[in-house]
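Colleague: Could you take me through one part of this model up close? I would like to look at a pair of packed helices, and then hear a little about what lies around them.

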Amino acid sequence: MAFYEQQQRILSPAKAGYMALTLVLALLFNLLPWRNVVGLPDMVALVLTFWCVHQPRKIGIGIAWFVGLVMDAGNGALLGQHAFAYAFLAFAAVSLHRRILWFSAWRQAAHVLVLLLASQLLMLAVRLVAGAAFPGLTYFAGSFVAAALWPTASFLLLLPQRRPAGMDENRSI
Amino acid sequence: MDYQPPPFFSRGPAPLVRLGFFACLAILLMVLDARFRYAESLRQVVALLAYPLQRAALAPAELFGAAGGFFTTQVSLKQENEQLKAKQLLAANDLLTVDALRAENAQLRRLLEARERLPRPSTLAEILYRGRDPFSRKVIIDKGSRQGIRSGQAVIDDIGVVGQVTRVYPLLSEVTLITDKEQRTPVQVLRNGLRAVIYGGGERGTLDLSYTAANADVLADDVLVTSGIDGTYPAGLPVAKVSRIERDAAYSFAKITCVPTAGTDQNRQVLVLSQEMNIPPAPTETESVAGKLPKQKRAKKRE
């Protein structure tokens, strides 16, 4: 097995504005009026994990916590529940980012699945302590769907960085 | 000599320290929100941030609904029309007698010197979507504080009680269904007037008539209606039907499971009832306070 399973490309630096835009779009997806869809992926968690893995110096636990707070207010959930889970998710992703990037997309997805499930478990624990009823095992289906979306999501989210910096006719890439 | 790394290496506090800080902050918020309800003002502020996103997220659904309505087939419209006509015929009989009954009822109430219940103003609202929080049973309706919706109002559909408004946003509000685990509704057995409190059963979509004595006169298929003594729900609205009763000699309470009458999971249109205005003021506690006063004085002296 090669050290790098995938071909490495030199990427142009990520723009903060683009990262913010993807996060807002993910929030928009999460706030769409879904009607009892089983296995709805938590896009905000997925995008947060992606940026924490790829740009750990630009995004981190603080931003994840705040985005979680917006999720709580928008969803009418217990205030601080998503903030707690996302802060943990960002911490785990930042700590593991060097390891995760060594693997191919599907193996990265396996890592991400564990992280997402752990953050969901945290939320479940918090809500059970607060006195809610167990929502059933389908609650965890969303994480599996989100992890399955990881290769596609990372391809799409990296697209702007794959663009050549200058439009030059003589460039080879 | 002190060794200082160059400034471009500095990355702020360690991730673990940051996690600790933000986790503590989150736990503090959760405790404030769950136990003391102090976090509502902060929620309103953050909700303002989420509000444009919520509006934007609703736009495609509205567009989809409008397009769907436009392409409704003539057949389904015709069928619905026939159904409604049949329903109206059935209702006409009741309607003809209702005026007489109302007059008679008013007279009887006056005779009983009962407080006359005014018909409450109500707002028609549409359920937009089910709340995304999988731990509670809530729905979001399309009317908010700008349309006069207030927290605590009762929500009904054409056959019974659906729930209660628990949180109000400017253009949306959140309704907790009667089947939510945290929701309680004061009820009365229609057959014999036995009062009880019904508890939501959570994900099962049923209700539990908890803390009813094992020998209480409740039978299967009994209809439970709101008792109205809480001042929130008008009296006599159907809430649930008793589906199963387990009486175990080992326990002093019977385990009574009920099925909600209203389509808590099906309907789109609901009616939000405004709070009853003519509730008598809560009794002042002057008598009890007078009784306790000497004791308090004594306690103060001891201090």
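Modeller: Happy to; here is the helix pair, followed by the chain contact and a barrel. Please keep in mind that this is a predicted model. In chain A, helix 3 (residues 61–75) packs with helix 4 (residues 81–100) of chain A at an angle of about 150°, and their axes are 7 Å apart. Since angles over 145 degrees count as roughly antiparallel, helix 3 of chain A is therefore roughly antiparallel to helix 4 of chain A. Their crossing is right-handed. On the side of helix 3 of chain A, the contact includes A:Ile61, A:Trp65, A:Leu69 and A:Asp72. Helix 4 of chain A contributes residues including A:His82, A:Tyr86, A:Leu89 and A:Phe91. By class, this helix contact has 13 nonpolar, 3 polar and 1 charged residues.

Next, the contact between the chains: chain A puts in 38 residues and chain B puts in 39. On the chain B side, helix 1 (15–36), helix 2 (40–70) and strand 1 (122–130) of chain B each give two or more residues. Helix 2 of chain B gives the most, with 12 residues. The chain B side divides into 24 nonpolar, 4 polar and 11 charged residues.

Strand 1 of chain B also belongs to a closed barrel of 6 strands, which runs 1-2-5-4-3-12 with antiparallel pairing. Neighbouring strands there are turned by 45° against each other on average, direction ignored. Within chain B, strand 3 (residues 154–156) and strand 4 (residues 161–168) run antiparallel and are joined by 3 bridges. B:Ala154 stands opposite B:Gln164 in strand 4 of chain B.

Notes
Residues numbered from 1 in each chain as written. Chains lettered and ligands numbered in written order. Predicted model: local features only at pLDDT ≥ 70, side-chain atom pairs only at ≥ 80, totals over all residues. Contact = placed C-beta atoms within 7 Å. Helix = DSSP H or I, 4+ residues; strand = E, 2+ residues; numbered from the N terminus. Nonpolar A, V, L, I, M, F, W, Y, C, P; charged D, E, K, R; others polar. Pairing = 2+ DSSP bridges. Axes fitted to C-alpha atoms, helices over the stretch in contact; angles between N-to-C directions. Parallel < 35°, antiparallel > 145°, perpendicular 65-115°, else oblique. Left-handed = near helix turned anticlockwise from the far one by under 90°.
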